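I opened this structure to look up a few places in it. My entries follow in the order I made them.

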Amino acid sequence: MNSWISKLSLNQRLSIPIMSFILLVFLGFQFISYQSYLAIERDNLLSRTKALANGVGMNLTASVLFNDAHSAQEILSALKADSLIVEARLELNSHELFAQYTNNKFGAVKPTLEQEQEIITNGYLFGQEMLYLIVPIMMDQEEIAHMHISVSLHALQEMQITHLKFSLFMLILLLANSFYIINRLQHWIVKPITQINEGMRRIIKGDKHQPLTQSQYTNDELYELTDGFNNMVDTINQRDHEIRQAMNELGLEKAFADEVVETVQHALIVAEPNGTITLANKACERVFKQSPASLIGLPIIEVLKPIEREATQQLLSSALQNNRQIDHLLLDSAHQTGTRTYQIVSRPLHHHLQTLFAVEDVTEHQKAERQQKMAAKVFDNSQDAILLFGQDGNVSMVNNTFLRLTGYQERDILGQHYLQLVDPDEYAQIQDDIKFSLVMENHWNGEIQVKTTENELVPLLARINWITDNHGQDRQTVVIASDLRSMKEIKRLEHLANHDPLTNLANRAKLYQALQSQMVQQATTRKSFAVLFLDLDGFKGVNDTYGHDVGDQVLKIIAEKLRRTVRKTDMVSRLAGDEFVVLLSAAHDAMAVKYTCQRLFERICEPMQISGHAVTIGASIGCYYVHADDYQDVDDILRRADKAMYEAKLMGKGQIIEYNEGLPEPDSLYG
């Protein structure tokens, strides 16, 4: 090994280590960055797909509950927002296919049996060509269905190829730069040393001396020797005078340099090749919270306290021992007060074989920059439409949500007056109100309609504010708007889920929610309430005699009578068929409850004219008081009220029975 190295020329001894080090660092960095970038891209793809799937899954709850496969199919089509989603299958808990979405842009690859088992275990799996995942559809903490989603990894594979091409390009560029550096080293170092060596050999041999070619990169002492001994004394005297003068000038320059070093706001540190600090300026006390004197003799790595210690140590060693420059390196440092961010620049001091480090604390600057970038991301990714225009009314900024709602391109809106985007007739009616609110309160909230590229009107809930710069001169108007179409649809679906479609009364689910809420309030107020269970007498005969259409009309009329008879704070609900439940809040007066029951009974028994038929029906009512000290749930309450109603039926119908849990038997109130 040593024999092989000893045969190498100086140029080769310099070139081989440099090339090897550069290639190893490059390959290591590329491998690490590739693995990190691939992991990040996979996580981003998985997070983005899960977020979209969860959003679609929330909208699928109602469709699954109502067994509406057509609606589910339309909701699944929202997955086309991500072009990489190849297939989505909505399956019930019985593994029956309920709805399916397919993207024909990419061919779906089915997972193997082993992959399917791993997908079930982990919830997702990255295959060779596909990402597979399962998203549960939850309702009241219970899984009612699940989606099987297949996502193409085509974009991820293209990224890998692009990364490989970029790495190859950087390798070629690095090799070219390395050859240039080696060429410069040969010109600056190898060639002058070779000339000096040859000149010394000629002198030793006694050959005729030939002046060496003077190089601007070397101090050519051999050339000075040729002047001869006769001029030596004059030269020494002259140089002595020059040295004295230079020392005086150097002293002045050093004092000036020291003053500049102490005045500069950056922390300046001079370190030996082993990393020991030999000089520190006054600014170090502000940056590192240590006096300059206490830093002398410490390793620079201990002063910087980097979080990534090993990587930083390698970089510092390269700068300290190999004269490698560090330009604007951002370094995270661990301190008692928290993490600080330093920006480091280094330059080698060739004459002293030391390295100068300039360190600036950029923690606040980095924080402000991150906040600015985050604000820009929030603006672009906001689910609300955002529009910004100046005092002239011309649009200066618009986000992607507004473009998506209206169908415009950004170039079509920027610079245009905002009045071109709204309905002129509607805006003329609210314009004065908007201006008055902005002048008086600096904001306005309300509904406004904007025009799309198809001249359709989109209702938006707009929040308009005036904002100014720190000097209060440049005033901007910012509009933040939400699409009311989806809100109205959600309200409609919520109403359908909680109300009986025939009578528009609260259904069983709404009744359960109201009873649970009433019991929670009762734990605080300690006030009793009453539950009335009503069953219509003779309703089956109406259906059999006049038909179900007349029966439906009877149910609607009875529902309206019940609603008008009780207070607004009470609730009337229809459980099923001809069964109704009335929730009477704050029923601490038993006589008032009995009076309400009698009024309900009388209103139900009033004759009705429907389609030319005189219809009269009755009712049996069971009443149950819910007291604060009773330990029971909703099912217990309804079961006891139903039992009282059943007792009314057994006693000949047309009865009102009160059930008291403390009494041995229900007691008849009215006959």
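**Entry one: Phe539**

I looked up Phe539 and found a relative accessibility of 8%, so Phe539 counts as buried, the cut-off for buried being under 20%. I note that the model is a predicted one. I placed Phe539 in helix H18, which covers residues 539-546. I then listed the contacts of Phe539, leaving aside neighbours within four places in sequence, and got Gly551, Val554, Leu555 and Asp578. I also checked Gly618, which is 79 residues from Phe539 along the chain; their C-alpha atoms are separated by 8.3 Å.

**Entry two: Leu173**

Is Leu173 buried or partly exposed? I read 46% relative accessibility for Leu173, so I put this residue down as partly exposed. I found Leu173 in helix H5, residues 154-205. On the surface, Leu173 makes a nonpolar patch of about 320 Å² together with Phe166 and Phe169.

**Entry three: strand S15**

Which strands pair with S15? I found S11, residues 385-389, pairing with S15 in the antiparallel sense over five bridges. I found S14, residues 457-468, also antiparallel to S15, over nine bridges. In the S11 pairing, I noted Leu387 opposite Val479 of S15. In the S14 pairing, I noted Arg463 opposite Ile480 of S15.

I then asked how many residues of S15 are buried. The count is seven of the nine in residues 475-483, so I wrote S15 down as largely enclosed by the rest of the structure.

Technical notes: Residues are numbered from 1 along each chain as its sequence is written. This is a predicted model: local features need pLDDT of at least 70, side-chain atom pairs count only at pLDDT 80 or more; totals for chains, interfaces and linings use all residues. Side-chain values use heavy atoms; hydrogens and water are left out. Helices (H or I, at least four residues) and strands (E, at least two) are DSSP runs, numbered from the N terminus. Buried means under 20% relative accessible area, exposed over 50%, partly exposed in between (1.4 Å probe, protein chains only). Contact means heavy atoms within 4.5 Å. Patches are made of residues with over 30% relative accessible area and no salt bridge: like charges are joined within 9 Å, nonpolar side chains (Val, Leu, Ile, Met, Phe, Trp, Tyr) within 5 Å. Accessible areas come from the Shrake-Rupley method with a 1.4 Å probe; for residues, only the protein chains shown count as cover. A salt bridge is a side-chain nitrogen of Lys or Arg within 4 Å of a carboxyl oxygen of Asp or Glu. Two strands pair if DSSP finds at least two bridges between them.
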